[in-house]
Amino acid sequence: MPAIVIVGAQWGDEGKGKATDLLGSSVDYVVKFNGGNNAGHTVVVDDQTYALHLLPSGILTPGVVPVIGNGVVVDLDVLFEEIDGLETRGVDTSRLVISANAHLIAPYNRVLDKVTERFLGSRRIGTTGRGIGPTYADKMNRIGIRVQDLFDEKILQQKVEGALELKNQVLAKIYNRRAVEVDEILDGLLAHADRVRPMVADTALLLDAALTRGDVVLLEAGQATLLDVDHGTYPFVTSSSATAGGACTGSGIPPNRIDRVVAILKAYTTRVGEGPFPTELHDDAGELLRKTGHEYGTTTGRPRRCGWFDAVIARYAARVNGVTDFVLTKLDVLTGLEKVPVCVAYDVDGVRHAEMPMTQTEFHHATPVFEELPGWWEDISLCRRLKDLPANAQSYVRTVEEMAGAPVSVVGVGPGRDACVVLRDLA
Ligand code: IMP
């Protein structure tokens with residue numbers, strides 16, 4: 001079972017850590033293939049809590065090679081801040097490998113991310129403000145700066161000059177900000193060049209060799225299906241490919257080497273940032289989910305928007321990712337409810353939609369059609385087999401599985417690393 005992709009099925013923060021923990025020692029490589037330091041995962045190892053934004057979670061597992069793939073955008077300041085933070089706590093980060101083709105987040109793109117949001121006003125996306133969108137835009141616009149450019153000063157200078165010709169016009173003339181000096185950018189980037197150099201490799205070649213040897217490669221998506229730039233709720237999305245297809249383009253591993261696609265699905269739904277969210281709750285029930293589920297952003301600390309489980313989205317995620325296994329997380333958060341509403345379809349201006357509507361306008365008009373499932377009161381955090389769960393919790397799992405159209409292989413029943421019911425091994 002050499003290449004496994006892990007994606008989020010909803011709008012992120014579904015709790016991928018559960019799945020990566022379960023795969024644990026069977027994994028040789030953990031590859032981040034999209035996004036940058038807009039992600040946030042909190043990993044608890046031996047009572048120590050680590051908040052990572054850019055580094056792949058595999059950095060904390062001895063023996064695993066963490067890889068930052070070509071599809072990632074790298075902020076070098078953040079990279080070394082995270083590395084230094086881990087090293088001072090005794091974590092060995094020397095195995096980290098970074099693709100020579102990954103793009104760098106230049107300081108002007110951090111500025112542009114923030115000023116663009118302000119400029120958009122009520123149409124803002126609610127970005128994390130880390131420069132992600134403008135850096136991917138530069139990549140597509142072919143004015144991006146890549147990791148490998150750090151090793152050719154002449155080329156780097158040409159590229160920075162070229163980018164700033166455009167960026168300074170935008171910064172000064174549209175946003176009334178200070179123009180940026182070429183030398184200021186060059187100095188900032190080159191300050192990291194020597195330190196980053198030993199970490200840089202042709203990661204696609206490295207991963208090809210690993211797979212040929214029979215090593216297990218885990219490709220871990222940042223963000224999630226509905227934040228994917230193509231398949232998400234555009235324009236309220238991130239700027240990279242967060243679905244399973246992105247695992248190939250963002251790593252250089254071809255589709256026919258992917259064996260399993262594991263999607264993490266929360267037992268209810270959350271979202272940070274702006275954009276449509278049909279099952280969102282604005283009442284006490286939403287507050288209850290937020291409090292019980294500790295739904296506050298890891299990167300920005302923002303309270304997450306909360307709502308009931310949405311089967312239309314789960315079905316969509318199963319389809320666009322080719323999901324082979326769902327990991328249903330945070331089932332325990334629903335404990336104590338008399339009835340658990342589940343959205344089975346949308347009503348769009350009087351028309352029932354069992355699948356994601358075709359247009360953004362329809363999705364904005366979608367109101368959920370709920371079915372109520374019977375709840376349970378028993379503490380489920382110590383359950384380890386499906387039959388240990390209360391009958392109504394078991395039937396919640398089975399109903400979700402049926403509606404989503406792919407098997408649930410793991411159910412998360414509590415915050416602890418081992419707090420899960422495993423129905424089928426992930427590797
Ligand atoms: P950006 O990725 O900073 O450009 O933000 C675009 C949208 O994606 C915003 O709604 C963010 O809140 C959302 N987003 C980005 N990264 C994450 C994540 O790791 N979890 C949840 N939402 C995210």
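**Exercise 1. Work out how big the largest cavity is and what surrounds it.**

Step 1. Start with the volume: in this predicted model, the largest cavity takes up about 40 Å³. A search through the whole structure turns up one cavity of 30 Å³ or more.

Step 2. Now look at the walls. The lining is made of His103, Leu104, Ala106, Tyr108, Asn109, Thr135, Asp138, Ile143, Gly144 and Ile145.

Step 3. Match those residues to secondary structure. You'll find that β8 (103–104), α3 (107–120) and α4 (132–141) each give at least two residues to the lining.

Step 4. Sort the lining by class: five residues are nonpolar, four are polar and one is charged.

**Exercise 2. Describe the second largest pocket, and find which helix gives the largest share of its lining.**

Step 1. The volume of the second largest pocket is about 220 Å³.

Step 2. Its lining has 16 residues, and Tyr136, Lys139, Met140, Ser240 and Ser241 are the ones nearest the centre.

Step 3. Both α4 and α9 (244–249) supply at least two lining residues. The largest share goes to α4, with five.

Step 4. Sort by class again: five nonpolar, ten polar and one charged.

**Exercise 3. Find which residues come nearest to the ligand, and say how much of the ligand the protein covers.**

Step 1. There are 15 residues around the ligand, and the nearest are Asp13, Asn38, Thr128, Thr238 and Arg302.

Step 2. Check the side chains of three of them for N or O atoms close to a ligand oxygen, using 3.5 Å as the cut-off for a polar contact. For Thr238 the distance is 2.6 Å, for Asn38 it is 2.9 Å, and for Arg302 it is 3.1 Å.

Step 3. Next comes the cover. On its own, the ligand has 470 Å² of accessible area, and the protein covers 96% of that.

Step 4. Finish with the make-up of the shell: six nonpolar residues, seven polar ones and two charged ones.

**Exercise 4. Trace the ten-stranded sheet and zoom in on one pair of strands.**

Step 1. Write down the order: β9-β7-β5-β2-β10-β1-β11-β15-β19-β20, an open sheet with mixed pairing.

Step 2. Which strands sit at the edges? They are β9 (200–201) and β20 (420–422), as each of these pairs on one side only.

Step 3. Recall what holds a sheet together: strands pair through backbone hydrogen bonds, in a parallel or antiparallel way.

Step 4. Now pick β2 (residues 29–32) and β5 (residues 65–68): they run parallel and are joined by four bridges. Within this pair, Val30 stands opposite Pro66 in β5.

Notes
Residues numbered from 1 in each chain as written. Predicted model: local features only at pLDDT ≥ 70, side-chain atom pairs only at ≥ 80, totals over all residues. Heavy atoms only, no water. Near = heavy atom within 4 Å. Polar contact = N/O pair within 3.5 Å; in protein donor to acceptor, adjacent residues only side chain to side chain. Areas by Shrake-Rupley, 256 points an atom, 1.4 Å probe, with all protein chains shown as cover. Nonpolar A, V, L, I, M, F, W, Y, C, P; charged D, E, K, R; others polar. 1 Å grid on protein atoms, 1.4 Å probe; cavity = no way out; pocket = protein on both sides within 12 Å on 5 of 7 lines; lining within 4 Å. Points joined across faces, edges and corners; volume = space filled by probe spheres on them. Pairing = 2+ DSSP bridges.
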